[in-house]
Amino acid sequence: AKLHLIKAFRNKNIESSALLKDIMSKCLMCGSCTAACPSGIDHFAWFMDMRSDMKKSQGQRPAIKSLIHLLGREYRIRFSAGLAKAGRKVIPDRFADSYKLGSIPIRKFPRFNEIPLRRSAGSCISPNGKKQGKLVYFTGCATNYLYEDTGNAVIGVLKHMGYEIIIPEGQTCCSIPILFHGAPDKAFKNIRANIKALAIEDAEAVIVDCPTCGYALEHEYPRFMENNSLDSEPACTIASKTVHILNFIDKHFNLLEFNKKFTRKIRISYHAPCHTKNNNQAHLRIERLLKKLEFADYRPTSDADVCCGGGGTFFYEFASISHKMAMEKIKNAKAVNPRFWLTDCPVCRMNLAGTMDDDKGCPELTHPVSFIYSGLKQK
């Protein structure tokens, strides 16, 4: 239906309007349409181009406009993260409980890392024991500024495997949020900077811990360069090397040595982010990986691969819809009573943890790599 609306708009059969912009914005950009389409239509490209047209004709919400501006340069992200971290320390508890972004109270948003991960970890990390090879780690914004536990786990697992890890200083936001909000011109410098930073020839792979960042590197960067008549070969090379950390672990599972001292298995469940599920059904491979862990009791939920309603900024723009989706996910997760509820998307983690009640029956949200790291034998 959205494609027909886009065609009608392009053919000048319908005019731009606030309603048309709302319809085009009310999309999670989850990739399900592209994954299911028998004709192989690139829905992402259609929707992003249409959103760009709507932004030009109907304008953009101030908060989204500010987000695009901040994500467009690394120094702005760094400054705003530092400002938010300082503000969070002095904000009154009453305000943190009552003021919300979307339907999520400020209090429930993750706290910023004391030191950004890329600065605390360093640019070159040596392996434990015999060197197996060299990897480049693209941290993304969320891991760098919010979820250092994920980044430390990625580094810990790869060191354990025997890999040298390069964390390029020049990397920045993957720019998917900018592209999804119809501002490709604002994404240009970020994309060029990341391609330059990640182009390390002797690296075996480019590791990502976020499926959306992975989608950007694998699919959007080559397309972006080609559409702008730029040299796409470096982007295609990076795309061919990009590997999700969980897929890398699964492929090299024999390099892991686990602690044998667990007295009982830990019950876990998994929420599959949309960009994981719709990228060659990668969530099925992750589920198989979790089932291989001897210290884990994996219990799937009835809706493990259903969207949580986070969708980048969807939880903020369409809070009531997102809240209903997240509450249904939480209800079904509680039904299997896991100690840890795992997901590899930082926005899914933020949305589900922020929507969840504070009662003792709620599982802890974390990245699967953090759970895997917790079970490794320390070398």
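The charged end of Arg 10 sits over the ring of Trp 46, 4.6 Å from the ring's centre. Such a charge counts as sitting over a ring if NZ of Lys or CZ of Arg is within 6 Å of the ring centre and within 35 degrees of the ring normal. Lys 292 does much the same kind of thing, lying over the face of Phe 253 at 4.5 Å from the ring centre. A word on the source: this is a predicted model, in which local features need pLDDT of at least 70 and side-chain atom pairs count only at pLDDT 80 or more, while totals for chains, interfaces and linings use all residues. Residues are numbered from 1 along each chain as its sequence is written, and side-chain values use heavy atoms, with hydrogens and water left out.

Next come the rings themselves. Eleven aromatic pairs turn up in the structure, where rings of Phe, Tyr and Trp (its six-membered ring) pair if their centres lie within 6.5 Å, with planes under 30 degrees apart counted as stacked, over 60 as edge-to-face and the rest as tilted. Phe 295 and Phe 371 make one tilted pair, 5.1 Å centre to centre with 35 degrees between the planes. Phe 295 belongs to the loop between H17 and S9 and Phe 371 to helix H21 (residues 368-374), so this pair ties together parts that are 76 residues apart in sequence. Helices (H or I, at least four residues) and strands (E, at least two) are DSSP runs, numbered from the N terminus. Both Phe 295 and Phe 371 are buried, meaning under 20% relative accessible area, against over 50% for exposed and partly exposed in between (1.4 Å probe, protein chains only).

Phe 371 has another ring partner in Phe 340: the centres are 5.8 Å apart and the planes at 55 degrees, so this pair is tilted too. With Phe 340 in strand S10 and Phe 371 in helix H21, the pair ties together parts that are 31 residues apart in sequence. Phe 340 is buried, like Phe 371. Put together, Phe 253, Phe 258, Phe 295, Phe 340 and Phe 371 form one aromatic cluster.

Phe 340 also leads into a sheet. Its strand, S10 (residues 340-342), pairs with S11 in the parallel sense over three bridges, and the bridge partner of Phe 340 in S11 is Glu 364; two strands pair if DSSP finds at least two bridges between them. The open sheet has four strands in the order S9-S8-S10-S11, with parallel pairing. Strand S9 (296-298) and strand S11 (364-366) are the edges, each pairing on one side only. From one strand to the next, the twist averages 35 degrees. Helix H17 (residues 282-292) lies across strand S8 (266-270), S9 and S10, running at about 180 degrees to S8. Axes here are lines fitted to C-alpha atoms, for helices over the stretch in contact, and angles run from 0 to 180 degrees between N-to-C directions; contact means heavy atoms within 4.5 Å.

Strand S5 (residues 163-166) is covered on both faces, with Tyr 163 and Ile 165 buried on one side and Glu 164 and Ile 166 buried on the other. Strand S3 (residues 124-125) runs antiparallel to S5 and is joined to S5 by two bridges, with Cys 124 opposite Ile 166. Strand S4 (residues 133-138) runs parallel to S5, joined by four bridges, and here Lys 134 stands opposite Glu 164.

As for the cores, the largest nonpolar one has 44 residues, of which Phe 138, Ile 191 and Tyr 221 touch the most other members. Helix H13 (residues 211-227) gives the most to this core, with seven residues. Another core, of 39 residues, lies apart from it and includes Ile 155, Ile 266, Ala 272 and Phe 340. A nonpolar core is a set of buried Ala, Val, Leu, Ile, Met, Phe, Trp, Tyr and Cys residues joined through side-chain atoms within 4.5 Å.

Two other buried residues round things off. Leu 71, in helix H5 (residues 62-71), is buried with a relative accessible area of 13%. Leaving aside neighbours within four places in sequence, Leu 71 is in contact with Ile 77, Cys 173, Pro 177, Ile 178 and Asn 190. His 181 lies in the loop between helix H11 (176-180) and helix H12 (184-198) and, at 9% relative accessibility, counts as buried.
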